[in-house]
Amino acid sequence: MDKKYRDLIAQEFRSCVNGTISRISESETYRPFHTALLSEEVIFWSRFERSFSTSFGQRVIEEIAKIVALSNGAEQAQRQKTTIVTLDEALINGVDQHIQSLRDGKCTDQGWDTTLADLKKIKLSGHTRQLRIISDLWWKKDGIDHYASLKTVKPNIDQTAVAKEDCLRLTLADPQCKAYFGLPYNPYGESKTDYNFNPPMGIFDFHKDPVVLIGKEMWETIGGNGCYDEILAIAKEVGLETKKSIAELLKKKGK
């Protein structure tokens with residue numbers, strides 16, 4: 001990865017931690033039951049982790065993903081990309097019915113490829129409608145549009161349903177595009193088949209659907225082979241700085 005992209009990613013990581021340190025240095029909220037039941041160290045680290053998780057959220061993941069897309073030869077990349085698609089009413093209704101049946105538990109997901117093939121068999125009505133779709137990340141590479149819904153590693157069922165709806169609509173409108181549902185890491189292990197957060201798993205087949213990208217697969221789909229390990233290496237380099245800053249904060253607070 002070119003140094004300019006590495007530096008941009010490093011700055012995103014650095015800003016997350018520095019922002020957390022700044023917030024944690026402010027006056028602490030009065031919580032009498034926490035104080036009565038927990039040690040000062042536990043309360044401090046609880047506040048720190050919660051604040052860091054807020055900093056290292058959706059915006060940071062989207063921004064780093066945009067940077068790695070550009071580092072991997074994308075001609076353009078954008079966060080929160082608005083796309084207007086035109087679809088036949090019958091296809092729109094077919095997608096809506098598919099999502100609703102999954103949410104209602106009236107059917108089980110048959111897999112991405114089967115679902116898409118079934119939708120393509122629907123008889124068109126001849127009446128079209130425009131739809132507005134917002135993608136967390138969009139990039140164009142080799143003339144192909146790529147769209148990704150980037151979510152937290154434990155997305156709720158509403159987020160997942162909207163993401164699948166968007167992926168299906170984008171793919172039906174432009175069969176040449178690539179649409180994905182991505183999670184930045186797998187909290188259950190390295191393998192995609194290890195993923196085990198049940199609430200959204202009835203919407204996609206998290207273990208087999210090719211559009212579902214988790215952890216290393218997500219980063220390398222966007223940024224190319226070796227991208228995941230390089231991002232982790234950058235984080236470790238920044239960590240040498242940020243851990244010193246955290247140690248200084250602890251010293252000031254007498255922890």
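Is Phe204 buried or exposed? To find out, select Phe204 in this predicted model, and you will see a residue that is buried, with a relative accessible area of 0%.

Before staying there, show the whole chain as a cartoon and follow it along the sequence, where 9 helices and 5 strands come in the pattern α-α-α-α-β-α-α-β-β-α-β-β-α-α. The C-alpha trace spans about 70 × 45 × 30 Å along its principal axes, and of the 255 residues of the chain, 45% count as buried.

Next, select helix α3, residues 40-55, and display the side chains of Phe44 and Phe48, which lie 4 residues apart in this helix, about one turn. Phe44 is buried at 3% relative accessible area, and Phe48 counts as buried too, at 7%. Their rings form an aromatic pair described as tilted, with 6.2 Å from centre to centre and 35° between the planes.

Now return to Phe204 and add Phe206, which is also buried, with a relative accessible area of 1%. The ring centres of Phe204 and Phe206 are 6.4 Å apart and the planes stand at 80°, so this pair is edge-to-face. Widen the selection to Phe181, Tyr188 and Tyr195, and you will have, together with Phe204 and Phe206, one aromatic cluster. In total, the structure holds 11 aromatic pairs.

For the last stop, select Lys81 and Trp138, and turn the view until you look at the ring from the side: Lys81 lies over the face of Trp138, at 4.3 Å from the ring centre.

Methods
Residues numbered from 1 in each chain as written. Heavy atoms only, no water. Helix = DSSP H or I, 4+ residues; strand = E, 2+ residues; numbered from the N terminus. Buried < 20%, exposed > 50% of the residue type's maximum accessible area, 1.4 Å probe, protein only. Phe/Tyr/Trp six-rings, centres within 6.5 Å; stacked < 30°, edge-to-face > 60°. Lys NZ or Arg CZ within 6 Å of the ring centre and 35° of its normal.
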